[in-house]
Structures are given as structure tokens and as C-alpha cells.
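Please open the model in your viewer and keep the selection tool at hand. The tour below goes from one selection to the next and says what is there at each stop.

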Amino acid sequence: MSESDKTTAKKAPRRARLYYLKDLTTKKGGAERVSGRSTESQGTIRSGTIRLRKSQKKLVLLKAAFLTERLGGVSHLAEVVQADKSRISRWAKGSVPDKKNSQAITDLEFVYQRLSRFLNDNSADKWLESVNAHLRGRRPLDVLHEGRIVDVLAAANQEEAGSYA
């Protein structure tokens, strides 16, 4: 990472810094590289499951921190992700979420990023918690809990396009 990139990351607001970190992960030479360090040996496949690399674990923790701030606290994130408040607190201290919660955090953060393109923060929060006609009268958060992020993104696309169901 060049000096100008480091300076840009330091000067950027906290929210922007979280997403700047995503751009640091690139593929070069078949190995994943993060901030100039090779992480090829950190990712392994065992018993048919893929373990998260250290860089991916850190990214999930950053997303959890962003969502905690965005949703207004640990209690609301726990409700949205359907996890205990104590788990969310442990994530804030550096404990890594399990696979199910990591996926829920990643999906929710992705949807927030998509909504932030055309809605302000308060509107995005309301959109996620309100009944949506594009989702057949269900709330986008409930559909996300079912693991159907594609349907939520399709509804967000329809919302952006200004179509009515």
C-alpha cells in the first residue's frame, strides 16, 4: 500500500474507512493479498467446509461494527441478526461470529450499501423494517433472515426504479 493510500485511509471518515478496507483485498498471483502480505496459507479446506481467512474475519468484524453503529446499538443488531446481545458484545471485543451470523452480517451490510445509493440513512432503515409490496407483503429484514438476499436486492432495484407493485 502506497503512502498516499495510507494518508487517504487516515483522513477518510470512519464509515468511509470501513469500505476502503474492502478495496485492499485483491487477488495477485493466485494468492489473496491483503495490505501487501500474502494470506495464501491462512485459508484451508477441511471436511468440506471453508475456513475464513484472517482478513475475511477482520472484515466481518468491521461490518458488524458498522451495523452496530448504523442500527443504533447492540440490541437492535442482535434483533436484526437474531443473535444474543452477548454475542454482539463479544464481536465488538474481537471474537469472530460463526458462519451463519457472518453470512447474516455480510448480507445485511451489502443491502445497506445498495440502499445507500439512493436512500438516506433514515429512509434505508425504514425501508428494511417496513412491509414491502415487492416482497408480497413481507419485511425485507424477514426475507433476509430466510437467506433470500436476491429477493431483497430485486425489491431494492424496483424501489430505485420507482416502480410500484
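Begin by selecting helix 4 and helix 5 of this predicted model, which pass each other in a right-handed crossing. If you fit axes to the two elements, you should find them 8 Å apart and at an angle of about 115°, which makes helix 4 roughly perpendicular to helix 5, since the range from 65 to 115 degrees is the one that carries this label. To see where the two elements meet, show the side chains of V74, S75, L77, A78 and V81 on helix 4 together with those of K85, I88, S89 and W91 on helix 5, for these residues make the contact. Colouring that set by class gives six nonpolar, two polar and one charged residues.

Next, select the loop between helix 4, which covers residues 74–81, and helix 5, which covers 85–92, and centre the view on Q82. The backbone deserves a look here, as Q82 has a positive phi of about 60° although it is not a glycine. Most residues other than glycine have a negative phi. Is Q82 buried or exposed? With a relative accessible area of 53%, Q82 is exposed, because the cut-off for that class is over 50%.

Move on to helix 6 (residues 99–115) and helix 7 (residues 121–129), whose axes are 10 Å apart and whose packing angle is about 125°. Helix 6 and helix 7 are therefore oblique to each other, and the crossing of helix 6 over helix 7 is again a right-handed one. For the contact itself, select L108, V111, Y112 and L115 on helix 6, and then add A124, D125, W127 and L128 on helix 7. Sorted by class, this contact consists of seven nonpolar residues and one charged residue, with no polar residue taking part.

From helix 7, follow the chain into the loop that leads to helix 8 (140–145), and stop at N132. N132 counts as buried, because its relative accessibility is 6% and the cut-off for buried is under 20%. What is N132 in contact with, once its neighbours within four places in sequence are left aside? The residues to display are W127, G137, R138, P140 and A155; of these, W127 also belongs to the contact that helix 7 makes with helix 6.

Stay in the loop between helix 7 and helix 8 and select R136, which lies there as well. Like the earlier stop at Q82, R136 is a residue other than glycine with a positive phi of about 60°. R136 counts as exposed, since its relative accessibility is 76%, whereas N132 in that loop counts as buried at 6%.

Finally, clear the selection and colour the whole chain by secondary structure, which brings up nine helices and five strands. Read along the sequence, the elements follow the pattern α-α-β-β-β-β-β-α-α-α-α-α-α-α. A colouring by accessibility shows the chain of 165 residues with 34% of them counted as buried, while the exposed surface comes to about 10300 Å², of which carbon and sulfur atoms supply 49%. If you also draw a contact map restricted to a separation of 6 or more, residues 24 or more positions apart account for 48% of the contacts in the chain.

Notes
Residues are numbered from 1 along each chain as its sequence is written. This is a predicted model: local features need pLDDT of at least 70, side-chain atom pairs count only at pLDDT 80 or more; totals for chains, interfaces and linings use all residues. Side-chain values use heavy atoms; hydrogens and water are left out. Axes are lines fitted to C-alpha atoms, for helices over the stretch in contact, and angles run from 0 to 180 degrees between N-to-C directions. Helices (H or I, at least four residues) and strands (E, at least two) are DSSP runs, numbered from the N terminus. Angles under 35 degrees count as roughly parallel, over 145 as roughly antiparallel, 65 to 115 as roughly perpendicular and the rest as oblique. A crossing is left-handed if the near helix is turned anticlockwise from the far one by less than a right angle, and right-handed if clockwise. Contact means heavy atoms within 4.5 Å. Ala, Val, Leu, Ile, Met, Phe, Trp, Tyr, Cys and Pro count as nonpolar, Asp, Glu, Lys and Arg as charged, and the others, Gly among them, as polar. Buried means under 20% relative accessible area, exposed over 50%, partly exposed in between (1.4 Å probe, protein chains only). Accessible areas come from the Shrake-Rupley method with a 1.4 Å probe; for residues, only the protein chains shown count as cover.
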